[in-house]
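Me: I would like to learn how to read the features of a protein model with some care. Could we take them one at a time, with the general idea stated before the particular case?

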Amino acid sequence: KQGIDDGTVGKWQAYDLKPPTERAVKENSEKQVSSIIAGRDGIIQRCTVYQGTPLCAAGQAVKAGQTLVSGYTDCGLTIMATQAEAEITALTFRDLEILTPSATIVRGQQKSEKNTYALRIGKKLINLSKDSGNLDTSCVKIYLEKSVCLPGGFCLPIALIRITYIYYDPAEQLPIDSDMPQWLEDFSVSYLKKTMVAGEVISSQSALIFEDDYSCLRGRFACIEMIGQVKHEQTLLKD
């Protein structure tokens with residue numbers, strides 16, 4: 001402590017000239033403190049920070065889970081805690097394997113159709129048709145249930161059930177289409193785009209393997225995508 005004369009006789013003011021050992025953290029009470037982390041491994045291509053402190057730069061390789069933009073900003077005597085906002089684009093690499101059958105099964109022509117009926121009273125089911133419930137692999141079953149309702153919309157625990165069986169010729173196996181390689185390539189690109197927040201596939205290296213029962217596409221794809229993910233931090237309240 002050191003006394004400072006303020007010009008008033010007989011009055012002194014004490015000032016603490018020792019710098020504080022800890023800096024206060026000023027938080028935005030309306031929003032929870034958060035940072036931006038990497039959603040996957042990649043090489044940063046562009047980093048645009050709207051709020052927060054950037055911890056990465058273009059050309060830097062980052063790992064999944066690494067903090068890219070901190071929600072804390074050093075303001076000298078205080079540290080501003082806020083919600084980080086940024087757009088971070090990176091070059092990423094993805095490995096993908098797609099399996100598809102070598103042949104497709106197509107249902108044959110419709111042969112016949114049969115209706116069976118049953119009555120449901122509460123939890124009890126009463127079959128009204130003979131041989132009801134017969135079903136094989138070449139048959140399709142359509143189930144329709146109609147409850148008994150009184151005027152006013154009140155339904156009784158009674159329902160009439162109609163089951164329609166449609167029979168078809170045995171299924172046929174068709175060989176794989178000649179366009180299957182291109183279809184697999186297109187499917188892989190569309191699938192990868194659905195897994196991105198925003199981005200595109202810029203190049204790919206793939207190999208198509210044909211087996212007796214299936215075909216396999218194995219590829220490595222280079223993508224430009226946004227990898228930033230918001231990570232909220234828990235605020236510890238003082239006593």
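Me: Let me begin with a single residue: does C155 count as buried, exposed or partly exposed?

Reply: The general idea is a set of cut-offs on relative accessible area, where buried means under 20%, exposed means over 50%, and partly exposed is what lies in between, computed with a 1.4 Å probe on protein chains only. C155 has a relative accessibility of 40%, so C155 counts as partly exposed. Before we go on, note that this is a predicted model, in which local features need pLDDT of at least 70 and side-chain atom pairs count only at pLDDT 80 or more, whereas totals for chains, interfaces and linings use all residues. Residues are numbered from 1 along each chain as its sequence is written, and side-chain values use heavy atoms, with hydrogens and water left out.

Me: Which residue forms a disulfide with C155?

Reply: A disulfide is here a pair of cysteine sulfur atoms within 2.5 Å. The partner is C149, with the two sulfur atoms 2.5 Å apart, and a search of the whole structure finds one disulfide. The torsion about the S-S bond is about 75°, so the disulfide of C149 and C155 is right-handed. C149, at a relative accessible area of 43%, is likewise partly exposed.

Me: Why is C56 not bonded to C47?

Reply: The sulfur of C56 is 3.8 Å from that of C47, the closest cysteine sulfur, and this is too far for a bond. The two residues also fall into separate accessibility classes, since C56 is buried at 9%, while C47 is partly exposed at 25%.

Me: Which residues make up the largest nonpolar core?

Reply: In soluble globular proteins, nonpolar side chains tend to be buried together. The term nonpolar core stands for a set of buried Ala, Val, Leu, Ile, Met, Phe, Trp, Tyr and Cys residues joined through side-chain atoms within 4.5 Å. The largest one has 11 residues, namely I36, A38, I44, C56, V62, L68, V69, A84, I88, A90 and I227. The elements that give two or more residues to this core are β4, β8 (67-70) and β11. Setting aside residues up to four places away in sequence, C56 touches C47, L68 and I88, where contact means heavy atoms within 4.5 Å. A second, separate core has 10 residues, among them M180, M196, V201 and C223.

Me: How many helices and strands does the chain have?

Reply: Helices (H or I, at least four residues) and strands (E, at least two) are taken as DSSP runs and numbered from the N terminus. By that reading the chain has one helix and 20 strands. Of its 239 residues, 23% count as buried.

Me: Where do the buried residues of the helix α1 lie when seen down its axis?

Reply: An α-helix has 3.6 residues a turn, so residues three or four places apart point the same way. Helix α1 (residues 180-194) has 15 residues and reaches 21 Å from its first C-alpha to its last, close to the 21 Å expected at 1.5 Å a residue, the expected span being 1.5 Å times one less than the number of residues. Its buried residues are M180, L184, S188 and L192. Seen down the axis, they fall within an arc of 110°, so they line one face of α1; the arc is that of the directions from the helix axis to the C-beta atoms. What covers these buried residues includes β11 (85-101), β18 (199-210) and β19 (214-226).

Me: Which backbone atom does the side chain of S35 reach?

Reply: A polar contact is a pair of N or O atoms within 3.5 Å; within protein, one must be able to donate a hydrogen and the other to accept it, and residues adjacent in sequence count only if both atoms are side-chain atoms. The side chain of S35 reaches the backbone nitrogen of G71 at 3.2 Å. S35 is found in strand β4 (residues 34-38) and is buried, with a relative accessibility of 3%.

Me: How far apart in space are A159 and L119?

Reply: A159 and L119 are 6.0 Å apart, C-alpha to C-alpha, although 40 residues separate them in sequence. A159 lies in strand β16 (residues 155-168), and its relative accessible area of 0% makes A159 buried. For the chain, among contacts between residues at least 6 apart in sequence, 68% join residues at least 24 apart.
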